[in-house]
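Colleague: Got a minute to walk me through this one? I'd like the overall picture and then the details.

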Amino acid sequence: MSNEKFETMVDALCKSGVEIVSKMSGHEAHLLHMSVGISGESGELLDAIKKHVIYRKKIDIENVIEELGDIEFYLEGLRQGLGIKREYIIEENIKKLSARYKSGKYSDEQAKSREDKCEHLFEFLKEENRFVTYKCNKCGYEEER
Ligand SMILES: [Mg+2]
Ligand SMILES: [Zn+2]
């Protein structure tokens, strides 16, 4: 594909910013703000570590602490926007990792087999108000379609 064709393609496929803004609520703007913040501050943290590891500079621990704090700020803002407590997220993470690493210790085998991820085997469960519910007969996960 020529660069000109690529430019035309991108122009045609980008959702209009005017349309995005016209439909975005204040709440959604907050979620986007916090998510952009997490990503931006993660980049700043990565740069601080890069200077140390790649350029062989002494680690700037004050800067690392600052960037970690900035990430914490946006994480908390996102959690508040979604009404999710940090404790709940940690519980869920512990559940996921306990399922993945049943031995309680890291191994490449467990990392690769990802026991916490199920390739669902859906079977019909029920139909209610035009919604059909399927249930995975391996992990019990239910999905409405
Ligand atoms: Mg920062
Ligand atoms: Zn499943």
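Modeller: Sure. One term up front: two strands count as paired if DSSP finds at least two bridges between them. Strand 2 and strand 3 (residues 142–144) meet that, with three bridges joining them in the antiparallel sense. Keep in mind that this is a predicted model.

Colleague: OK, and which residue is the bridge partner of Thr133 in strand 3?

Modeller: That's Glu144.

Colleague: How many residues sit between strand 2 and strand 3 in the hairpin?

Modeller: Five. Gly140 is in that turn, and its phi is positive, about 90 degrees.

Colleague: What about strand 1, how does that pair with strand 2?

Modeller: Antiparallel, over six bridges. Strand 1 covers residues 122–128 and strand 2 covers residues 131–136. If you want a spot to look at, find Phe124, which stands opposite Tyr134 in strand 2.

Colleague: And which residue in the turn between strand 1 and strand 2 has a positive phi?

Modeller: Asn129, with a phi of about 40 degrees. This hairpin has two residues between its strands.

Colleague: So what's the strand order in the sheet, and is it open or closed?

Modeller: The order is 1-2-3 in an open sheet of three strands, with antiparallel pairing. Strand 1 and strand 3 are at the edges with a single partner strand each, so each has one side without a neighbour in the sheet. On average, neighbouring strands are turned by 25 degrees against each other, ignoring direction.

Colleague: Zooming out, how many helices and strands does the chain have?

Modeller: Six helices and three strands. Reading from the N terminus, the elements go α-α-α-α-α-α-β-β-β.

Colleague: Is the chain spread out or a compact globule?

Modeller: More spread out than a compact globule, because its radius of gyration is 22 Å, well over the 15 Å from the globule rule for 145 residues. The C-alpha trace spans about 60 × 50 × 40 Å along its principal axes.

Colleague: What share of the residues is buried?

Modeller: Buried residues make up 3% of the 145 in the chain.

Colleague: And how many of the contacts join residues at least 24 apart?

Modeller: 27%, counting contacts between residues at least 6 apart in sequence.

Colleague: Last topic, domains. Where do they lie along the chain?

Modeller: The domain assignment puts domain 1 at 3–84 and domain 2 at 117–145.

Colleague: What distance separates their centres?

Modeller: 35 Å between the centres of domain 1 and domain 2, taken over C-alpha atoms.

Conventions: Residues numbered from 1 in each chain as written. Chains lettered and ligands numbered in written order. Predicted model: local features only at pLDDT ≥ 70, side-chain atom pairs only at ≥ 80, totals over all residues. Domains from an automatic or database assignment. Helix = DSSP H or I, 4+ residues; strand = E, 2+ residues; numbered from the N terminus. Axes fitted to C-alpha atoms, helices over the stretch in contact; angles between N-to-C directions. Rg over C-alpha atoms; globule rule 2.2 N^0.38 Å. Buried ≥ 20, exposed ≤ 12 C-beta atoms within 10 Å, placed from the backbone. Contact = placed C-beta atoms within 7 Å.
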